[in-house]
Amino acid sequence: GSEEQIGIQNDALDILETSIKNFGLTKQTITLAKNIAKSAIKIINKGPKLHGLLKNLQGTNKDLYQHGLFSSYVATAICASLNWKSHATLEKIAIAAIFHDYKLTEELFKLSSQKLFLVDELETAERKIYLNHPKDAASEIDQDDSIPEGVSQIILQHHETPTGSGF
């Protein structure tokens with residue numbers, strides 16, 4: 001039930017807190033990141049569609065689920081350390097981080113996590129899924145009115161580079 005779900009999320013956040021200390025961030029920044037991540041989860045749980053997506057991801061691909069939570073935690077910690085203080089902005093970044101890769105298959109996620117991952121070596125169908133995952137995720141997130149404006153844009157651009165050479 002929801003108590004089990006909250007327990008899993010809290011356990012994941014505790015693991016993340018331990019891991020992130022290695023980045024040398026202050027206790028205050030870590031606490032803020034943890035609170036923002038919890039706040040993002042609350043927003044996601046308000047929208048039935050995204051709540052279902054998160055619950056499905058949690059049950060079917062735990063590595064990708066933990067990657068999303070970890071990305072959320074790290075992204076908000078980095079933003080906070082750069083003095084981005086707006087709670088609304090940090091929530092948007094946290095939500096986008098949680099869902100940025102959720103359209104990847106378990107196999108593609110594992111492949112893309114490897115150091116020597118090359119998109120060009122993927123089969124045509126896998127390459128299409130990989131290259132379209134930001135657009136597909138952003139499109140689906142955009143359909144949920146409970147998600148703050150701008151989250152889908154962050155997801156859409158998460159593989160973009162400063163030179164515009166991303167996808």
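With which residue does Asp 136 form a salt bridge? The partner is Lys 135, and the closest N and O atoms of the two side chains are 3.8 Å apart. Asp 136 is partly exposed, with a relative accessible area of 31%, and Lys 135 also counts as partly exposed, at 48%. The model in which this pair is found is a predicted one, and the paragraphs below proceed from its overall architecture to particular residues.

The protein contains 8 helices and 0 strands. Read along the sequence, its pattern is accordingly written α-α-α-α-α-α-α-α. Of its 167 residues, 40% count as buried. The exposed surface amounts to about 9,500 Å², and carbon and sulfur atoms supply 53% of that area. Contacts between residues that stand at least 6 apart in sequence may also be considered: 70% of them join residues at least 24 apart.

Helix 2 offers a suitable first example. This helix spans residues 27-46 and has 20 residues. From its first C-alpha to its last it reaches 29 Å, close to the 28 Å expected at 1.5 Å a residue. Its buried residues include Ile 30, Ala 33, Ala 37, Ile 41 and Ile 44. Thr 29, Lys 34 and Ser 39 are also among the buried residues of helix 2. A general property of helices is useful when reading such a list: an α-helix has 3.6 residues a turn, so residues three or four places apart point the same way.

Further along the chain, helix 4 covers residues 62-81 and contains Ile 78. Ile 78 is partly exposed, with a relative accessible area of 43%. Together with Leu 82 and Trp 84, Ile 78 makes a nonpolar surface patch of about 330 Å². Asn 83 belongs to the loop between helix 4 and helix 5. Although Asn 83 is not a glycine, it has a positive phi of about 70°. Asn 83 is exposed, because its relative accessible area of 55% lies over the 50% cut-off.

Helix 6, residues 106-112, contains Leu 108. Is Leu 108 buried or exposed? Leu 108 is buried, since its relative accessible area is 1% and the cut-off for burial is under 20%. Setting aside residues up to four places away in sequence, Leu 108 touches Leu 122, Glu 126, Ile 129 and Tyr 130. One of these partners, Ile 129, is 21 residues from Leu 108 in sequence, and the two C-alpha atoms are 8.6 Å apart in space.

Helix 6 also holds a salt bridge, in which the side chains of Lys 110 and Glu 106 meet at 3.5 Å, N to O. Both residues lie in helix 6, 4 residues apart, about one turn of the helix. Lys 110 counts as partly exposed at 42% relative accessibility, and Glu 106 likewise counts as partly exposed at 38%.

How many salt bridges does the structure hold? There are 4. One of them joins Lys 103 to Glu 140, with the closest N and O atoms 2.9 Å apart. This pair links distant parts of the chain: Lys 103 is in the loop between helix 5 (87-99) and helix 6, whereas Glu 140 is in helix 7 (residues 124-142), 37 residues apart. Lys 103 counts as partly exposed, at 32% relative accessibility, while Glu 140 counts as buried, at 15%. To return briefly to the opening pair, Asp 136 forms its salt bridge with Lys 135. Elsewhere, salt bridges that share partners join Lys 49, Lys 103 and Glu 140 into one network.

The aromatic side chains complete this account. The count comes to 3 aromatic pairs. In one of them, the rings of Phe 99 and Tyr 102 have their centres 5.6 Å apart and their planes at 80°, so the pair is edge-to-face. Phe 99 and Tyr 102 are both buried. In addition, Phe 117, Tyr 130 and Phe 167 form one aromatic cluster. Tyr 130 therefore appears in two settings, as a member of this cluster and as one of the residues touched by the buried Leu 108.

Technical notes. Residues numbered from 1 in each chain as written. Heavy atoms only, no water. Patch = residues over 30% accessible without salt bridge, like charges linked within 9 Å, V, L, I, M, F, W, Y side chains within 5 Å. Areas by Shrake-Rupley, 256 points an atom, 1.4 Å probe, with all protein chains shown as cover. Helix = DSSP H or I, 4+ residues; strand = E, 2+ residues; numbered from the N terminus. Buried < 20%, exposed > 50% of the residue type's maximum accessible area, 1.4 Å probe, protein only. Phe/Tyr/Trp six-rings, centres within 6.5 Å; stacked < 30°, edge-to-face > 60°. Expected span 1.5 Å × (residues − 1). Contact = heavy atoms within 4.5 Å.
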